[in-house]
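Student: I'd love to walk through this structure with you. Could we take it one question at a time?

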Amino acid sequence: MLTMQEIKNHYYFSDTDAEMLKELFPLAQSSSEAMVEEFYTYLLKIPETAVFLRDPKDLARLKRTHTEWFLSLFCGRYDNEYMLTLQSIGQAHVRIKVSAHYVNAAMNVVRRFLIEMLQANFPDISVRRKYRIAVEKILDINLDIMSTSYQEEELRKVFVSH
Ligand code: HEM
C-alpha cells in the first residue's frame with residue numbers, strides 16, 4: 001500500500017502546491033455554496049444519482065458533507081490522515097453502490113467549476129496556471145485514492161467467487 005508521500009511524489013505534488021491550495025481557501029470558501037449547488041443540480045438531473053438524494057433531510061446533511069470535502073481540498077495539509085479520510089470516502093460510495101462512473105463524472109463537475117473560479121479571479125495567466133496545476137493535482141489525487149476503494153471491491157468480488 002502506498003503512503004501519502006509516495007502518492008504525492010508520483011503526482012509531483014510539492015509543498016509549494018500545498019501552499020498554493022491553502023492560499024485559495026478563502027476564495028473556495030466564498031464559492032462553496034455555488035459549487036455545491038452546481039454539484040447537486042448535476043446529480044439530481046441524472047436518474048441513477050438522483051435516487052441517492054431523495055430525502056430532503058438527508059439532502060441538507062449531504063450538501064454539508066460534500067461542501068466540507070470541497071473545502072478540505074484547500075486545507076494545506078495532505079498527510080496520511082488526509083489519505084485515510086479519502087479512502088473512507090471512497091468506501092462510503094462503494095458501500096451504498098454509487099457507480100465509480102458517477103464519482104468520476106462528478107469530479108469533472110468540480111474540476112470545471114474550479115477552473116472557471118480561477119479564470120474569473122486570476123487575470124494573470126502565469127499566476128492562474130500555477131494555481132490550476134495545484135488544483136488539478138489535488139483533484140487527481142482525490143480521485144486516485146477514492147478509485148482504489150472501487151478496485152479493492154472488484155478484487156474482493158473476484159476472490160469471493162473463486
Ligand atoms: C457521502 C464526497 C460523489 C452521494 C460522501 C461523503 C463525502 C463525499 C466526503 C461522506 C463520507 C462519509 O460519511 O464517510 C464525494 C466526492 C464525490 C462524491 C468527493 C465526487 C467528486 C458522489 C456521487 C453521489 C454521491 C456521484 C451520487 C449521488 C453520496 C451519498 C453519501 C455520500 C448518498 C452518503 C453515504 C452514506 O450515507 O454513508 N460523499 N461524493 N457522492 N455521497 Fe458523495
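Student: In which hand, left or right, does α3 pass α7?

Tutor: Happy to start there, keeping in mind that this is a predicted model. The helices are α3, residues 25–45, and α7, residues 100–121, and their axes come within 10 Å. The crossing of α3 past α7 is right-handed.

Student: Are α3 and α7 parallel, perpendicular, antiparallel or oblique to each other?

Tutor: Two packed helices are described by the angle and the distance between their axes. Here the axes of α3 and α7 cross at roughly 140 degrees. Only angles over 145 degrees count as roughly antiparallel, and 65 to 115 as roughly perpendicular. The relation of α3 to α7 is therefore oblique.

Student: How many nonpolar, polar and charged residues does the contact of α3 with α7 have?

Tutor: On the α3 side the contact includes Leu27, Ala28, Met35, Glu38 and Phe39, and on the α7 side Val109, Val110, Phe113 and Asn121 are among the residues. Sorted by class, the contact of α3 with α7 comes to 13 nonpolar, 2 polar and 1 charged.

Student: Which residues in α5 does α3 meet?

Tutor: The axes of α3 and α5 come within 9 Å and cross at roughly 140 degrees, and that makes this pair oblique. The crossing is right-handed. From α3, the residues taking part include Phe25, Gln29, Ser32 and Tyr40. Their partners in α5 are Leu59, Leu62, Lys63, His66, Thr67, Phe70 and Leu71.

Student: Which residues are the protein donors of the iron atom of the ligand?

Tutor: One of them sits in helix α5 (residues 56–72) and the other in helix α6 (residues 80–96), 27 residues apart in the chain. Each offers its NE2 atom, at 2.0 to 2.2 Å from the iron. The two are His66 and His93.

Student: What is the geometry of the site of the iron atom?

Tutor: Ideal angles for six octahedral donors are 90 or 180 degrees. The iron atom of the ligand has 6 donor atoms, with angles of 83 to 177 degrees among them. The site is octahedral.

Conventions. Residues are numbered from 1 along each chain as its sequence is written. This is a predicted model: local features need pLDDT of at least 70, side-chain atom pairs count only at pLDDT 80 or more; totals for chains, interfaces and linings use all residues. Side-chain values use heavy atoms; hydrogens and water are left out. Axes are lines fitted to C-alpha atoms, for helices over the stretch in contact, and angles run from 0 to 180 degrees between N-to-C directions. Helices (H or I, at least four residues) and strands (E, at least two) are DSSP runs, numbered from the N terminus. Angles under 35 degrees count as roughly parallel, over 145 as roughly antiparallel, 65 to 115 as roughly perpendicular and the rest as oblique. A crossing is left-handed if the near helix is turned anticlockwise from the far one by less than a right angle, and right-handed if clockwise. Contact means heavy atoms within 4.5 Å. Ala, Val, Leu, Ile, Met, Phe, Trp, Tyr, Cys and Pro count as nonpolar, Asp, Glu, Lys and Arg as charged, and the others, Gly among them, as polar. Donors are N, O and S atoms within 2.8 Å of the metal (3.2 Å for Na, K and Ca); water is not among the atoms, so sites may look incomplete. Four donors count as tetrahedral if all angles lie between 85 and 135 degrees; four count as square planar and six as octahedral if opposite donors are over 155 degrees apart and all others between 65 and 115; anything else is irregular.
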